[in-house]
Amino acid sequence: MKLVKRMATLFLALILAVGMTSCSSGSNDTTWAIKSGDDVISTELYLSQLFFTFSSLYNDYYSYGYDPTSFFDQTVGEQAMSEYIIDYAQSTSKESLAIRQWMRELGIETSAEELESNQKAAEQSYATNADYLTEMGITREHLLTYYEDDAAFRTLFNYIYGEGGEKGISLDELKNDFYENNYRAEIFYVPLIDSSGNLLSEEEQQAIKDRVDGYVKELNEEGATFASIREKEVKITPSVATTMEDTAGYLSKDDVYEEDLLSTTIANLEEGKAAAFTYNEDYYILTQKMPIRSTETDKHVTDQQFSLRYSMMSEDYLAAIDARVAGMKFDLNDAVLKKYDPKTFVEGISGSSSTTASN
């Protein structure tokens with residue numbers, strides 16, 4: 001979702017938001033949260049943005065193993081967590097209004113195909129998490145509104161940076177950039193631990209290492225394919241079937257660092273060569289560095305055009321949106337903005353069987 005993609009520029013957005021010209025409304029109308037001219041952020045969209053801001057931060061906090069009950073005791077910079085979430089949701093709402101106005105000026109609309117795709121994603125997200133989302137106060141209509149807003153965010157980006165756009169990056173340019181900045185590798189992990197997490201005996205570990213070292217020889221000297229090797233190992237270690245099954249994975253050169261044996265091993269291999277090594281004592285890894293230029297890579301880049309362009313141009317895009325926001329006037333509906341407290345989301349979690357939400 002767009003929240004995750006914007007998170008890297010969060011501080012910039014909040015700093016710019018401080019200087020915006022805004023006024024509070026004493027209206028009793030609770031159907032809208034923020035206005036700019038005739039453009040309105042509905043209560044449903046604001047509540048969704050508030051929830052997904054909370055959810056992204058909370059899920060990260062939870063995934064690191066921290067005590068979730070202390071989430072709102074944390075601060076971000078000098079801001080209390082709840083204040084930070086509210087500011088971010090309001091900032092995102094203002095960006096959404098800027099995007100609508102910009103699209104209208106350009107005479108573009110979100111395509112029916114894009115809307116349909118986002119609607120299906122919203123329906124799937126709601127169906128998967130209906131009980132949890134209902135507990136949080138998020139309805140199916142909330143999600144549809146949120147995903148429609150995300151579709152507009154993508155539409156404007158693609159208009160500017162897509163093929164033929166004012167600052168367009170062609171598919172060929174994307175491919176060449178990807179070739180230059182990534183490695184492609186096949187990989188699987190053979191556990192050196194049992195189902196309880198205990199290390200196998202030295203003899204059992206050595207038998208695994210000898211077998212996998214044999215695979216290295218088959219790949220490097222006997223012309224075996226990684227697929228045939230994986231097929232052999234799956235019969236012995238079924239969990240290998242779930243490790244990057246039929247396609248190679250990609251490693252950004254920016255993610256190679258000296259302390260990480262896996263990334264440095266892949267980086268230092270010649271294309272076509274394989275290696276095996278112990279990783280964190282718990283696994284013996286087999287990897288083969290594959291040619292980055294391939295039909296598989298071309299398909300990957302084609303399928304991931306938006307995310308790849310966004311990774312290259314997000315700072316430029318968000319800065320342009322922020323510049324427009326800084327020149328806009330907004331009406332803030334206190335009847336809505338003061339009504340919703342993100343702390344209630346944690347209270348809902350404590351009463352739900354789910355601990356996190358998909359987004």
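## Cores, a helix pair and two residues

Setting aside residues within four places in sequence, Phe71 contacts Phe54, Leu57, Tyr58, Tyr61, Met81, Ile85 and Val346. Phe71 also belongs to the largest nonpolar core, which has 63 residues. Within that core, Phe71 is among the members that touch the most others, together with Phe51, Phe54, Tyr317 and Ile321. Another core, of 15 residues, lies apart from it. Leu192, Leu200, Ile208 and Leu286 are among the residues of this other core.

These details come from a predicted model. The protein has 359 residues, and 47% of them are buried. Its secondary structure consists of 14 helices and 10 strands. Among contacts with a separation of 6 or more, 73% are between residues 24 or more positions apart.

### Helices H8 and H9

Helix H8 covers residues 202-221 and helix H9 covers residues 226-236. Their axes are 10 Å apart, and the two helices pack at an angle of about 160°. Angles over 145 degrees count as roughly antiparallel, and H8 and H9 are therefore roughly antiparallel to each other. The crossing of H8 past H9 is right-handed. On the H8 side, the contact is made by Arg211, Tyr215, Glu218 and Leu219. On the H9 side, Phe226, Ile229, Lys232, Glu233 and Ile236 take part. By class, this contact of H8 with H9 comprises 5 nonpolar and 4 charged residues, with no polar ones.

### Glu218 and Asn28

Which residues does Glu218 touch, not counting those up to four places away in sequence? They are Gly223, Ala224, Ile229 and Lys232. Of these, Ile229 and Lys232 are also named on the H9 side of the helix contact. Glu218 itself is found in helix H8.

Asn28 is located in the loop between strand S1 (21-25) and strand S2 (32-36). Asn28 and Asn333 are 305 residues apart along the chain, while their C-alpha atoms are separated by 8.4 Å.

The table sets out the location and accessibility of the two residues.

| Residue | Location | Relative accessibility | Class |
|---|---|---|---|
| Glu218 | helix H8 | 18% | buried |
| Asn28 | loop between S1 and S2 | 76% | exposed |

The cut-off for buried is under 20% relative accessible area, and for exposed it is over 50%. At 18%, Glu218 therefore counts as buried. Asn28, with a relative accessible area of 76%, is therefore exposed.

Definitions and conventions:
Residues are numbered from 1 along each chain as its sequence is written. This is a predicted model: local features need pLDDT of at least 70, side-chain atom pairs count only at pLDDT 80 or more; totals for chains, interfaces and linings use all residues. Side-chain values use heavy atoms; hydrogens and water are left out. Axes are lines fitted to C-alpha atoms, for helices over the stretch in contact, and angles run from 0 to 180 degrees between N-to-C directions. Helices (H or I, at least four residues) and strands (E, at least two) are DSSP runs, numbered from the N terminus. Angles under 35 degrees count as roughly parallel, over 145 as roughly antiparallel, 65 to 115 as roughly perpendicular and the rest as oblique. A crossing is left-handed if the near helix is turned anticlockwise from the far one by less than a right angle, and right-handed if clockwise. Contact means heavy atoms within 4.5 Å. Ala, Val, Leu, Ile, Met, Phe, Trp, Tyr, Cys and Pro count as nonpolar, Asp, Glu, Lys and Arg as charged, and the others, Gly among them, as polar. A nonpolar core is a set of buried Ala, Val, Leu, Ile, Met, Phe, Trp, Tyr and Cys residues joined through side-chain atoms within 4.5 Å. Buried means under 20% relative accessible area, exposed over 50%, partly exposed in between (1.4 Å probe, protein chains only).
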